[in-house]
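Reader: I would like a close look at one part of this protein, with the surroundings described after that. Please keep it plain.

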Amino acid sequence: MVKIERTPTPPASLVIEKEKEENGFSGSYNQEDVVDQLNKDFHGKCYLCEQDELQAIEIEHLKPHHGGKYIDLKYDWNNLFFSCSHCNSVKNRLKYEKDILDCCVTDPETVIHQALVNGQVVVKPLLTTPEAQNTADLVQDCFELRNTTIRSLESQNKVTALKRTMNLFFKKLDELENEANHRTLRVVRGMLSRQYKFSGFTRTYVRDNIGKYPDLAPYVQL
């Protein structure tokens, strides 16, 4: 999870669809303009796991609207997030109905620590707040929750994708350390960009090892 800069102006359809529902008709919060803008703002990544090129995209509500009971939350632009179906289903549990960090407001890298340790995702809170703990638990569950067979496979697929990215990242860091060149630096900088998949993990790794990679400090500043 990384900081996202949300476009401040809500897509036009949200007002129209909310009015329809307020007048007793069926409305939809996932019209084309909403999906397109969220896709751009979130760089095509699930806001929780940061996987890109999603096969099953869902528009997730940070604060649940409980089947339209809370219509303002259902159509609130600032409450809509770009998600994969797996992470949306993981979050759709009572324990995650509140105290989840809004990554469009607060930088998650100041609140949680995201790492791949011996092939396993380890997410820990950096603050002693319910929001930090719940957010860390949620991101951890998106990679590690295995309470059903299907969810177990989906979680493992995410860990596998993360491992591939981190292995490539480590390879490029080694190349940069052994023979610094502009091309390799561009690749590393790209993988440290918040637009890149799993960059919450690559950025954390560099900050944890900044003594080894001091020249990369400007690219992982909070």
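How many residues line the largest pocket, and which of them lie nearest its centre?

Author: The model is a predicted one. In it, 17 residues line the largest pocket, and those nearest its centre are Gln51, Glu53, Leu54, Gln55 and Lys158. The elements that supply two or more residues to this lining are α4 and α6. Of the elements, α6 contributes the most, with six residues. The space in the largest pocket comes to about 350 Å³. By character, its lining holds five nonpolar, six polar and six charged residues.

The second largest pocket can be described in the same terms. Its space is about 230 Å³, and 13 residues line it. Glu60, His61, Pro64, His65 and Asn92 are the lining residues that lie nearest the centre of this second pocket. At least two lining residues come from each of β1 (57-61) and α4, and β1 gives the most, with three. The lining of the second largest pocket divides into three nonpolar, six polar and four charged residues.

There is also enclosed space. Rolling a probe the size of a water molecule over the atoms shows where empty space is left. Across the whole structure, one cavity of 30 Å³ or more is found. The largest cavity has a volume of about 40 Å³. Its lining consists of Val2, Ile4, Phe42, Lys45, Cys46, Tyr47 and Glu50. Five of these lining residues are nonpolar and two are charged, with no polar residue in the set.

Two of the elements named for the pockets, α4 and α6, come up again around helix α5. Helix α5 covers residues 130-144, which is 15 residues. From first C-alpha to last, α5 reaches 20 Å, close to the 21 Å expected at 1.5 Å a residue. Eleven of its 15 residues are buried, so α5 is largely enclosed by the rest of the structure. Among the buried residues of α5 are Ala132, Leu138, Val139 and Phe143, and also Asn134, Gln140, Asp141 and Glu144. The elements against which the buried residues of α5 pack are α4 (85-91), β3 (112-117), β4 (120-125), α6 (149-178) and α8 (199-208).

One residue of α5 can be followed in detail. Aspartate 141 lies in this helix. With a relative accessible area of 14%, Aspartate 141 falls under the 20% limit and therefore counts as buried. Leaving aside residues up to four places away in sequence, Aspartate 141 touches Val90, Arg93, Lys95, Tyr96 and Ser155.

The remaining topic is charge pairing. Side chains of opposite charge can pair when their charged atoms come close. Over the whole structure, 13 salt bridges are found. One of them joins the side chains of lysine 20 and glutamate 17, at 3.4 Å from N to O. Both lysine 20 and glutamate 17 belong to helix α1 (residues 12-22), where they stand three residues apart, about one turn of the helix. Lysine 20 is partly exposed at 34% relative accessibility, whereas glutamate 17 is buried at 8%.

Other salt bridges involve glutamate 109, which is buried with a relative accessible area of 2%. The side chain of arginine 194 meets that of glutamate 109 in a salt bridge of 3.5 Å, N to O. Arginine 194 is in the loop between α7 (182-192) and α8, and glutamate 109 is in the loop between α4 and β3, so this pair ties together parts that are 85 residues apart in sequence. Arginine 194 itself is partly exposed, at 24% relative accessibility.

Glutamate 109 also forms a salt bridge with arginine 207, and here the closest N and O atoms are 2.7 Å apart. Because arginine 207 lies in helix α8 and glutamate 109 in the loop between α4 and β3, the pair ties together parts that are 98 residues apart in sequence. Arginine 207 is partly exposed, with a relative accessible area of 23%. Through shared salt-bridge partners, Asp107, Glu109, Arg194, Arg203 and Arg207 are joined into one network.

Notes
Residues numbered from 1 in each chain as written. Predicted model: local features only at pLDDT ≥ 70, side-chain atom pairs only at ≥ 80, totals over all residues. Heavy atoms only, no water. Helix = DSSP H or I, 4+ residues; strand = E, 2+ residues; numbered from the N terminus. Expected span 1.5 Å × (residues − 1). Buried < 20%, exposed > 50% of the residue type's maximum accessible area, 1.4 Å probe, protein only. Contact = heavy atoms within 4.5 Å. Salt bridge = Lys/Arg side-chain N within 4 Å of Asp/Glu carboxyl O. 1 Å grid on protein atoms, 1.4 Å probe; cavity = no way out; pocket = protein on both sides within 12 Å on 5 of 7 lines; lining within 4 Å. Points joined across faces, edges and corners; volume = space filled by probe spheres on them. Nonpolar A, V, L, I, M, F, W, Y, C, P; charged D, E, K, R; others polar.
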